[in-house]
Amino acid sequence: HPCLAFFMFVPASLVGLLLPRIIWGLSEQSHFWGAFGLYSLVTLAYMLAGLSGGFLTFFISMSLLLGRFISSISRKQLGQQSPKSLFGYVIPMIPCLLYCLYYGGFLIQFLIEKMGMMGSLPKPYGHFVPDIIVGAMVGLVVGWCFGPLAPIVSCWLAKASILHGFLQITVVAMAVSSQVFPYSTGAPKRVVLQHTFVTDASNIVESNYGFSVVDANSLEFVFNNAPEAAKWLKDNSELSLKEKYRSDRSTWVALYPVPFLFSGSLKFPAQTEEIRKHHQHFPQLVVQKTSSNNWNRRVHLQLSLG
């Protein structure tokens, strides 16, 4: 449920942006030049590193200067506290803020989907490392989208009661996210199933079902929340999560490099009669001959696809 990430991380990010105004009592002018200096330094770092991502912070810096210039003119004519002077600051930033919102929203959506596949990390790291990465990215995007407005709106928002409200929203969202089932029809649990046959010529040496998952919730989670899967396995084989049923990663080489995302995999014995109804001959790889010449070795192989 990606929306939970916004409720957990956006209020906390807003608190981080407003805290300097409360802690150091910054004036609006100091807050503005501090924000402008930060975005300018980030742009300079991108340029010196030869990276192209600095266009976004450059766009923000130029919008800040334009908004400051128009706001200062309107304040001289309309007064310091006039709402029109606020509009004079915000309106020049609308194109920049809309683009930052679009770009940041796409980036967060992409990142959340990929972090949902962080299954290769051992427990308990697979549960909270993706949240840390998503939280850092959400904080960065909030800095893009709200940071340019912070110098002028923080005089209304930088209050202890508002910050407490943001923190309470964060705590409630964390409590709700720990109780809500993490998957939906739009973003289902990713389960990998393969039916593997090990053959020798026309004989079946071994047949098994391989199960694995590509996120932090293990196979025990699947069997506890999908009783039909457990029942199907019991009807066809022995359902067990013991160590002897753990499968090696080498059995998943056909999906390389996806198996590196697996947090663990199991294999269960499967019946072999079914495949005989459809295949009389199986793929076979035979070494025809080998020849050596100095330090070179040539191997001739014959592959029959059955």
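On a 1 Å grid over the protein atoms alone, a pocket is an open set of points where a 1.4 Å probe fits, with protein on both sides within 12 Å along at least five of seven lines, and its lining residues have an atom within 4 Å of a point. A volume is the space filled by probe spheres set on the points, which are joined across faces, edges and corners.

The model is predicted, so local features need pLDDT of at least 70 and side-chain atom pairs pLDDT 80 or more, whereas totals for chains, interfaces and linings use all residues. Residues are numbered from 1 along each chain as its sequence is written, and side-chain values use heavy atoms, without hydrogens and water.

| Pocket | Volume | Residues closest to the centre |
|---|---|---|
| Largest | about 1100 Å³ | His 1, Ile 112, Gly 116, Asp 131 and Pro 182 |
| Second largest | about 430 Å³ | Leu 17, Leu 38, Tyr 39, Gly 143 and Trp 144 |

The largest pocket lies between domain 1 (2-179) and domain 2 (191-279), because both give residues to its lining; these bounds come from an automatic or database domain assignment. Its lining has 18 nonpolar, ten polar and four charged residues. Here Ala, Val, Leu, Ile, Met, Phe, Trp, Tyr, Cys and Pro count as nonpolar, Asp, Glu, Lys and Arg as charged, and the others, Gly among them, as polar.

The lining of the second largest pocket has 15 nonpolar, eight polar and no charged residues. Helix 2 gives the most to this lining, with eight residues. Helices are DSSP runs (H or I, at least four residues) numbered from the N terminus.

Key
Helices (H or I, at least four residues) and strands (E, at least two) are DSSP runs, numbered from the N terminus.
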